[in-house]
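Trainee: I should be grateful for a close look at a single part of this structure, together with an account of how that part is placed among its surroundings.

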Amino acid sequence: MQIVTLSVFRFEGFSHRAWAFGQMAAARRPLARLPGLDFFKLFGTGSDDGFNPTPNLGVYAILGAWRSAAAAEEAHAHAPVLDRYRAHAAEHLTLRLRATRCWGEWSGGAPFDVSDRDAEPEPVAILTRASVKPRHALAFWRRVPGIRDSLSTGALSGGVRPLFQIGMGERPWINQVTFSVWRDYAHAKAFAYGDGPHRAAIRQVRARDWFNEELYARFEVLSAEGHWNGRSPLADRAHSGDRPR
């Protein structure tokens, strides 16, 4: 059974941030050599949880699709390249996932194996990936602040906010990924398709053909290791309906 992992790292101080920036190139070869890692991507992020085009040089992420749970566990426990990331990071979080729905392509292929589970899992993670046509990049980014605001307030999902959210990029401003974890799919769906900024952006994407390539994936969240902003996102499940103070 394929396991997908998303590891997010926060770096503090010039030397650690410079090291992390260099790993966007240097880490590719050691990651490619890890046994059982069939697909991986390295990401930078923007400001404001990644939903701002201004680069955040302190936060980076690694997405991996592993042939088995054993391969994922072995690498995260012993692989030197991942050990180095954790040693330099001030904070890190790794989510282990299993794909339950997926459509579209990423770099011309389908990286995620969908499980045969019928019921919607709780909590649920949503990943969207888009390769934005350069001529539409400005219009795309103009839509992002409204989407982030509706995420942060829970305005479209009954006051329920994501347990975790981040925007990432393979290439700045063009190859974009959003990832969020929700208490359940009903609230994620209300945000995505309710009458608000996200639904309006989808209409523009379809009407004006903004993307060269896109992918949507839904995941069961199996576990979380580490912390983000001082806490585990899964520990907040019971309180995810609280409005921000």
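Mentor: A residue is called exposed when its relative accessible area is over 50%, and buried when that area is under 20%. With these cut-offs in hand, helix α1 of this predicted model can be read face by face. Helix α1 covers residues 14–26, 13 residues in total. From its first C-alpha to its last, α1 reaches 18 Å, close to the 18 Å expected at 1.5 Å a residue.

Four residues of α1 are buried, namely Trp19, Ala20, Gln23 and Met24. Viewed down the axis of α1, these buried residues fall within an arc of 160°, so they line one face of the helix. The partners of that face come from several elements: the buried residues of α1 pack against the helices α2 (28–32) and α4 (80–88), and also against the strands β2 (37–47) and β3 (52–66). On the face turned away from the buried side, α1 carries the exposed residues Phe14, Ser15, Phe21 and Ala25.

Outside the helix, some loop residues also deserve attention for their backbone geometry. Most residues other than glycine have a negative phi, and most peptide bonds are trans. In the loop between β4 and β5, Ser107 has a positive phi, near 55°. Pro123 also lies in the loop between β4 (91–104) and β5 (124–132), and the peptide bond leading to Pro123 from Glu122 is cis, with omega near -10°. Trp173, placed in the loop between β6 (164–171) and β7 (175–182), has a positive phi near 70°. Trp173 counts as partly exposed because its relative accessibility is 43%.

Methods: Residues are numbered from 1 along each chain as its sequence is written. This is a predicted model: local features need pLDDT of at least 70, side-chain atom pairs count only at pLDDT 80 or more; totals for chains, interfaces and linings use all residues. Side-chain values use heavy atoms; hydrogens and water are left out. Helices (H or I, at least four residues) and strands (E, at least two) are DSSP runs, numbered from the N terminus. The expected span of a helix is 1.5 Å times one less than its number of residues. Buried means under 20% relative accessible area, exposed over 50%, partly exposed in between (1.4 Å probe, protein chains only). The arc is that of the directions from the helix axis to the C-beta atoms. Contact means heavy atoms within 4.5 Å.
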